[in-house]
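Q: Could you take me through one part of this model in close detail? I'd like to see how a run of neighbouring strands is joined up, turn by turn.

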Amino acid sequence: MLNLRIPRLRARRLPILAWLTLALASGAVGIYWWRVEAFYEQLHDEALAQINLRAVELADSVAAHTETTIRSVDLALRHLRDEYAAGRDIDETIRTIRESFPPNAIVQVAVIAPDGYLRKTSVGRSERTYLGDREHFRAHLDTPDDRLFISHPVLGRASGVWSIQFTRPIRHNGEFAGVMVLSLAPQYLADGHQQIEQSGLNVVSLFRTDGSYLVRTPRLLEAMGKRLPADRPFLRSDAPAQGTFRTTAAFDTIARTYAWHRLNNYPVVVNVGLDENVSLARLHADIDRSHFRTAIGSAIVLLLAGVVSHLLHRAARQQEALVASERRHRSFFEKNASVKLVIDPQDGRIVDANPAAIRYYGYPRETLLELRMSDLDRLAPEQDRLAMLRALREERTFFTARHRLANGSARDVEVYSGPVDMDGGTMLYAIVHDVTARRELECRLAESEDLHRNLFMTVADGITVMSRDGNVAAWNEAALAILGVNAVDIRSRGYQMYDAAGTPLALTDYPSSRAARGEFVDHQLYSVQHLDGKRVWITVSSRPLHVGSATQGAAAVLSFSDITKLVDAEESLRVAESVFEVAGEGIVVTDAENRIIAVNPAFTVLTGYTQAEVVGKRPSVLASGIHDEAFYTSLWQHLERDGRWEGEISNRRKDGRLYISWLRINVVPERLGHGKRYVGLFSDVTDRKREADAVWRQANFDPLTGLANRKRLEDRLQQAIARAHRNQTSVAVLFIDLDRFKPINDEYGHAAGDELLRQVARRLENCLRDEDTVARLGGDEFIAVLPDLQITDIPGRVAEKIVSVLNEPHRLGTHVVDVSCSIGLSLFPTDGDTPDKLIAAADAAMYSAKQAGRGTWQVTQARPAATPAVIKALGSDDSPAARR
């Protein structure tokens, strides 16, 4: 007994030792990591403190330099202001100040008058420029203070470059007399920062107190016009004059340490930002390398501790199993081929199992000995306890059960069980025999019989069994339903059958009779007349019925299916095919990839393409090239959204001729086994379209000259007036009447007169823009409409050009004739605000031109007479109308 208890005592200590090993190793690794992180955190804080100190020193240096620079600018500005206020010429002073600054430092020196207009500038511009809306002018209005104002960087209207405006007010006898401006290039202030040591992505910036950039080094131009977020600490109203902070810049999203210094005498803040990544890069690299080495070492320590712990645990389990195994009778138990188990009847725990049991159940020995009988037979604990009690009392030594193996499968077993004395106590033995194969065979035989019975009765096809004497021996419910009969009628075959052509069959020709005679029937088509008159189509097949190893007489089984819906669908399809073939409209069917899969004969008639030429191709083979990509994109968007599209489209036939068609496209949705389809129906509407266009042209254009007629003229003039109202522009109307037309028409005939009118129409069109309109009112009267003119535009030059062009000789066949014109001109809104008023005003002005000697033009009588000076102004080359 002593030899058995000593190993068990040691085995109980091994798990404790294993857990202790893991705990010590984990604690040591954790303490080491804590010390390492604390050390590097200290180094990181010290490095940030050095960066912070460096930023403060640089900010102070930049602030001193910037204040000196601004002071020198302010002195120059004061000197200029005083010289100008004293009435002296400041040009020499400007040159002296420019020479005292670096080249290009001063963008310009300017004086803004009290009314806001630029009075003087050093850049030499003479245009009258308004600067009264600039902040550096408005800052000195309505205030007696004589203070220096520093503006946002602005793009100067006079100088045309970015500059910062340094301004002071000019006063004369105590009254505001304007603003003196000295425009300084931001680059001049930025150049002063180049002397400061910079590396990496460090920045030096100057801000106004409202957070807007004045200067930024580097990337100066990108900062122009930008502003800092309002949350920066030095922008707060209670912010101290100096300070530091850490943040990620809104300008370039780089983390920096910043130090600011607000200038004492000027509204400027100096901000120096040092890139933390540059200064901390080496420290972070050292930390990363240290972390890597520490992680490797920690992993090795923990891995070794885990291996030792695992070995200790395994050794403990092995020792316990060895001690338990030695207490049992091994020879009889382990060498038997039958599955044997030893069970503790108190709790159902499996105490021991022989090798045959381990192989049978598929569990490792250690796992199997941790299970209870309820884990194998899946019975409730109460049922297991009752069964073990009856076996312990030898009331039931044999029973059947289902045991579950390690792989999840369940097996039918017969169990022989009874009590056995072991180690001073009573256990239960269990001898297990697998009877699964026998049970499965019995079940399969029963299931096969049920399966065939149920299959026969529930299959959707009708089935009948013919006996050797030609009678119907058996049938299923589907047979009665398909044939429309009851059990009595099917036995007597009291239903009428027809062949595929609709001819009634004699009873001897029924497929059942043929099958009984041993004939082979394979998917043959018949129809059955129900008692209610309904005709049902069926397909029938027969097979000989084998009994044993040979066919007994003519016994056979018939199966038949109701295919009435298929026959009806086939008939519908045949009708649809007929419609497809004889339709007068062209029909094209495409697949989901928009490739043609079918066309009808009308398609070939309309396009010239046969089906063989277009199948597999896209409908773009018909494209005319007239419609742009946007047209087809819109078509497809409507088609996919609405499932249909209808509209007019131009296509090209195979022979290259264009035609206009009215096209309707419908989407056939996707269904099982078939992808989405597109069906297009189209008809040729070219002739109808041409007739409609001819009617429209006849209603809107003069048939002789091709110019717009009075109806179209009034429509275009009304549109021009409405557009001029919206855009604050003007519209000109020119009433043109030919001089000496009637003598030419009388001398050379009406044909020559018509030709002359056509030539005049072409010359008038060439004198005008594409957006202008010229129309013939009738006879030799024409009107031109010039829309979208600026208020200062006067179309006099256009009238002069028309007079000049029409005065040139005209060739009419073999004759050369001279003709001139008189033009009356009216303007919207001066001479009228409706088409009728403008035309009437121009008509009146035209008669004035005729009275003035013909071959000239006149404005309305309400306007001043067209003196030579006025005519010259009307034809000024500065007006857009004259440039036609």
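A: Let's start at the hairpin of E14 and E15, where 5 residues sit between the strands and Gly 408 takes a positive phi near 95 degrees. Keep in mind that this is a predicted model, so the angles and pairings here are computed from its coordinates. On either side of that turn, strand E14 covers residues 398-404 and strand E15 covers residues 410-422, and the two pair in the antiparallel sense over 7 bridges. If you want a spot to fix your view, look at Arg 404, which stands opposite Ala 410 in E15.

Now follow E15 onward to its other partner. Strand E16, residues 425-434, runs antiparallel to E15, and 10 bridges join the two. Within this pairing, Gly 418 faces Tyr 429 in E16, the two standing opposite each other. E15 and E16 also form a hairpin, this one with 2 residues between the strands. Its turn holds Asp 423, whose phi is positive at about 50 degrees.

Putting the pieces together, E15 takes part in both pairings: it meets E14 over 7 bridges and E16 over 10 bridges. Each of the hairpins has a residue with positive phi, namely Gly 408 in the hairpin of E14 and E15 and Asp 423 in the turn between E15 and E16. To trace the path on screen, go from Arg 404 and Ala 410 along E15 to Gly 418 and its opposite number Tyr 429 in E16.

Conventions
Residues are numbered from 1 along each chain as its sequence is written. This is a predicted model: local features need pLDDT of at least 70, side-chain atom pairs count only at pLDDT 80 or more; totals for chains, interfaces and linings use all residues. Side-chain values use heavy atoms; hydrogens and water are left out. Two strands pair if DSSP finds at least two bridges between them. Helices (H or I, at least four residues) and strands (E, at least two) are DSSP runs, numbered from the N terminus.
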